[in-house]
Number of protein chains: 2
Amino acid sequence: MRIEIICTGDEVLTGKIVNSNFSHISQKLEDVGLSVTWGTTVGDDRETLLRAFRLAADRADAVIVNGGLGPTVDDLSQEVAAQAAGVELVLDAAWLARMEEFFRRRSRVMPPNNRKQAMLPVTAELLDNPIGTACGFALDVGRARFFFTPGVPRELTRMLEEQIVPRLLARSGLQTAIHLKRFHSYGLGESHVDALLAGVEELVPDGSVKLGFRAHYPQLETKLTVRGTDMDDVRAKLEPVEREVRKRLGNFILAEDDQTLEGVVLAALAGRQATLSIVETFTSGQIAARLAHLPGAERVFRRGVVARALDGVSAAVGLEGPPAAGALTRETAETVARAARRQTGATHALAVLIELDDGADRIDLGGTICLAIATEQETASRRSRILGGREWIRLGAVELGLDCLRRHLQGLPVHERIDFEKV
Amino acid sequence: MRIEIICTGDEVLTGKIVNSNFSHISQKLEDVGLSVTWGTTVGDDRETLLRAFRLAADRADAVIVNGGLGPTVDDLSQEVAAQAAGVELVLDAAWLARMEEFFRRRSRVMPPNNRKQAMLPVTAELLDNPIGTACGFALDVGRARFFFTPGVPRELTRMLEEQIVPRLLARSGLQTAIHLKRFHSYGLGESHVDALLAGVEELVPDGSVKLGFRAHYPQLETKLTVRGTDMDDVRAKLEPVEREVRKRLGNFILAEDDQTLEGVVLAALAGRQATLSIVETFTSGQIAARLAHLPGAERVFRRGVVARALDGVSAAVGLEGPPAAGALTRETAETVARAARRQTGATHALAVLIELDDGADRIDLGGTICLAIATEQETASRRSRILGGREWIRLGAVELGLDCLRRHLQGLPVHERIDFEKV
């Protein structure tokens, strides 16, 4: 099935906003085994919109149009859709009532120009928008089925999942039970994970499990898309593959599905009524900023300290005198973590200390990272070298620090070598 | 002049990466008074690429193609360009030599498949890429001039500015001296600034100054695009408008052109050999993270402290006993800032303390912000209320804290009311 996306709106066309709706739609379709073949971006211009609709209707089986469903004069999607399909616009009384109710519940009166949002092509099928005033709709233009969606990202997301993906799957003849299983890891590159997972798809011989990746340094997302006749069938197919992925990636899996690394760390600490203090240098507060603001963190997060020089770190955690010059070692990090724990009364302290190489920023600039995690019983630590410039080192060190804490809390070794470090 | 953009590549089409190159190109053209009329996104597929090129050649005067110039088999731009133009590919010996030199200087031997990057359509004009191996090129397809650019953002940016924009301006018949002047502000909304600046364009009656905005909360960018016969003419036209914008936006202008708020603050501190300590609560390290990692910050940044509770803040800065319950006031922030300054020996201390409203996150959740800046001579402070949910409050408080510090360092009042606060 050939699927196209048309993104409309002057803000997108002029680059005032980055078009993340396009990649969102495209990824969602990939996740269920569908593919987009063509993307078009046009502004709020009647003639151009009509031309774009007609071209897509000629080429595609299904077209998703995003944007242009708002109440203002430059929102033209319904009008041009009707024109392209050669039909009239009529008032959808049920949607008008829904909109009036929407405003009433917010103690507001519906402005008259919102009425426009209930005008739909007479042959259109309404697509519900439970969280906004722009209803979506589906409509045949030529031989293609068009799906019109709102530009507001959370409204689009919901309509896509609940209304459009099921219709596209039904039209495509694909089995309709689909599940996307996601694993998040840190420390292994995409090609390494690809090699480690060689053959896992074949554990289900009928080809209904598809493996994919999405790399966003420093994390990697490993995705399993599973298709089946129903959810029981999907679960049965997923189970052996999922088990194998967990076995092969092992300790590197830091979270699954909608979990995040910081969420996992926070939950592990909260679950044992633990508290955390953090000491940072070149990461400059980014480690604390990943978790200290989360709901629930106010009961777990004790203190964060940032200093750029080692003597500043020592002073901040109440150590006497600066460490010997050039002395960044695992032991330094251990001493600092223990001191931070004592000083703040936290059950856990994480110290991530970094020494940057000398000189200006460049692609092969390196940094030495010494980190330690102290509890009442013990202190774990590791040393790493990361090359790749200031920003790369900073991002890597934030993730390394949080991931080692995750490993420690889960009783896993903190030393396993990662692909991003040089030895 | 009708300009189109064609973005190529499976990674963009499938949504694996968000297409920020499109908005970058489009914004750059807007900034010099040109407009994009149509955008197309297609994958690495010969037939689809050819179709996209031909459609664009029919509609447009100029077409910018992005991506597909790499050394691998799925990089098809040169081949399909030659096919669309009906000409042969030939080896560009000069570019081949440049590439070999490129590798030699990095002590590497050029892999044989990179040779492909020097194969250009015989009628093509080479567009220099001083920082990569993918040369760009320009070529007529039908009645349109095509410009082929690399997908790597920094290579694209440079080629666009140095090679393509001048050619497009020359073809468009627009006067070729163009300057973009930018002002960054915090605290005034886009429509407010628009109203404040009413009429400034008319200070130059020939219409050669254009006013525009780009809002990225919490900051707003105000842009003046000036066209003239040469740079002297541009400067003469810009001068009265620029002066008027500075006068009307006054203290709200925090930086101009490529400056950043954190860069301005850091430079102001470094310029007077000052040092800075920061105390944060719900912002969770984000304020420190904006400046402590910057080159040069190691001499300025003394210490950052994060704690989520007021008694944790007091303990961290060495104050005796917790403040009275529910006692977040300007005075609390002043006491904390003075203590942090004393404790760390910094010349300046910034304390940004936040009390979030109770309850789950929601669009009208509010936060009370009390911030103070302490120096040896004095302590300045302010209290603000921001509504808009946890993330909105956090972003706003980071900016408010840094901007008040900027104002203090520049001898400006820290109390001026901002549009984002509720009173």
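Me: Two strands pair if DSSP finds at least two bridges between them. What makes β7(B) and β8(B) a pair?

Reply: This is a predicted model; local features need pLDDT of at least 70, side-chain atom pairs count only at pLDDT 80 or more, and totals for chains, interfaces and linings use all residues. Residues are numbered from 1 along each chain as its sequence is written, with chains lettered from A and ligands numbered from 1 in the order in which they are written. Five antiparallel bridges join β7(B) (136-141) to β8(B) (144-149), so the pairing rule is met. A138(B) has F147(B) as its bridge partner there.

Me: Why are these runs called strands?

Reply: Strands are DSSP runs of E, at least two residues, and helices runs of H or I, at least four, numbered from the N terminus.

Me: What sits in the β7(B)-β8(B) hairpin?

Reply: Two residues lie between the strands, and G142(B) takes a positive phi near 60°.

Me: What makes L261(A) of α9(A) a contact residue towards α13(A)?

Reply: Contact needs C-beta atoms, placed from the backbone, within 7 Å. L261(A) is among the α9(A) residues that meet α13(A), where L402(A) is one of the partners. The contact has eight nonpolar residues, no polar and three charged. Ala, Val, Leu, Ile, Met, Phe, Trp, Tyr, Cys and Pro count as nonpolar, Asp, Glu, Lys and Arg as charged, the others, Gly among them, as polar.

Me: Which residues does A337(B) touch?

Reply: Among them are V279(B), A351(B) and T379(B), not counting residues up to four places away in sequence.

How values were computed:
Two residues are in contact if their C-beta atoms, placed from the backbone, lie within 7 Å.
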